[in-house]
Amino acid sequence: MGDVGNTSTTEGFVRVPFAFGSGAPEVDAAQQQAIASLVKIATAEKQHVLVTGHADAKGTPAANERVALKRAQALAQLLAAAGLPSELMQIEGRSNREPARSENTPEADAVNRRAEAVLAP
């Protein structure tokens, strides 16, 4: 998986990042566990999960919007497959407006091609 960081908890939010290459998200065993935990908590507590997709800055604005939304939808499918009801999900594409890294390098671009699931308190 790309270097997007691990599951983190800050100010009560649980954030699970997923790297994207040219296709589906790359999900490792730790992230599968994070998905299961996030779904269990969200379902038990009826908490909403914000699923966001992100892009690097290489494409046109319209293309980045489309790819970011597709990434969010792909992660939402993983969450749904793990048992998260669709009514508990909000799905957004955020294009390249919220980069995880701002340097103009291939490594930063790889990190910015991601989706995140955020469970708010």
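Start in the middle: select Leu-38, Val-49, Val-51, Leu-75, Leu-79 and Leu-84, the residues that touch the most other members of the largest nonpolar core, a set of 21. Keep in mind that you are looking at a predicted model. Now colour the elements that feed this core: strand S2 (13-20), helix H1 (29-45), strand S4 (49-54), helix H2 (61-81) and strand S6 (114-119) each give at least two residues to it. As a rule, nonpolar side chains in soluble globular proteins tend to be buried together.

Stay here for one more click. Which residues does Leu-79 contact, leaving aside its neighbours within four places in sequence? Show Ile-35, Leu-38, Val-39, Val-49, Val-51, Leu-84, Met-89 and Ala-117, and you have them.

**Zoom out**

Switch to cartoon and trace the chain. You should find three helices and six strands, and from the N terminus on they run β-β-β-α-β-α-β-α-β. Of the 121 residues, 36% are buried. Try drawing the contacts as lines, too: among those between residues at least 6 apart in sequence, 69% join residues at least 24 apart. Put a surface on, and about 6,600 Å² is exposed, with carbon and sulfur atoms supplying 53% of that.

**On to the charges**

Side chains of opposite charge can pair when their charged atoms come close. The structure has seven salt bridges, and a few deserve a stop.

Select Arg-97 and Glu-65 first. Their side chains meet in a salt bridge, at 2.3 Å from N to O. Which parts of the chain does the pair link? Arg-97 sits in the loop between strand S5 (89-93) and helix H3 (106-112), while Glu-65 belongs to helix H2, so the two are distant parts of the chain, 32 residues apart. Arg-97 has 53% relative accessibility, so it is classed as exposed. Glu-65, at 32%, counts as partly exposed.

Next, pick Arg-114 and Glu-116. Here the closest N and O atoms of the salt bridge are 3.2 Å apart. Are these two buried or exposed? Arg-114 is buried, because its relative accessibility is 5% and the cut-off for buried is under 20%. Glu-116 is buried as well, with a relative accessible area of 10%.

Then add Glu-92, Arg-94 and Glu-98, which are joined into one network by salt bridges that share partners. Within it, Glu-92 pairs with Arg-94, and their closest N and O atoms are 2.8 Å apart. Glu-92 has 24% relative accessibility, so it falls in the partly exposed class.

**Last stop: two backbone oddities**

Most residues other than glycine have a negative phi, so have a look at two that don't follow the habit.

Lys-46 has a positive phi, near 55°. You'll find Lys-46 in the loop between H1 and S4. Lys-46 is exposed, because its relative accessibility of 59% is over the 50% cut-off.

Now jump to Ser-95 in the loop between S5 and H3. Ser-95 isn't a glycine either, yet its phi is positive, about 50°. Buried or exposed, this Ser-95? Hide the surface to see it: Ser-95 is buried, with a relative accessible area of 3%.

Notes. Residues numbered from 1 in each chain as written. Predicted model: local features only at pLDDT ≥ 70, side-chain atom pairs only at ≥ 80, totals over all residues. Heavy atoms only, no water. Helix = DSSP H or I, 4+ residues; strand = E, 2+ residues; numbered from the N terminus. Buried < 20%, exposed > 50% of the residue type's maximum accessible area, 1.4 Å probe, protein only. Contact = heavy atoms within 4.5 Å. Areas by Shrake-Rupley, 256 points an atom, 1.4 Å probe, with all protein chains shown as cover. Core = buried A, V, L, I, M, F, W, Y, C linked by side-chain atoms within 4.5 Å. Salt bridge = Lys/Arg side-chain N within 4 Å of Asp/Glu carboxyl O.
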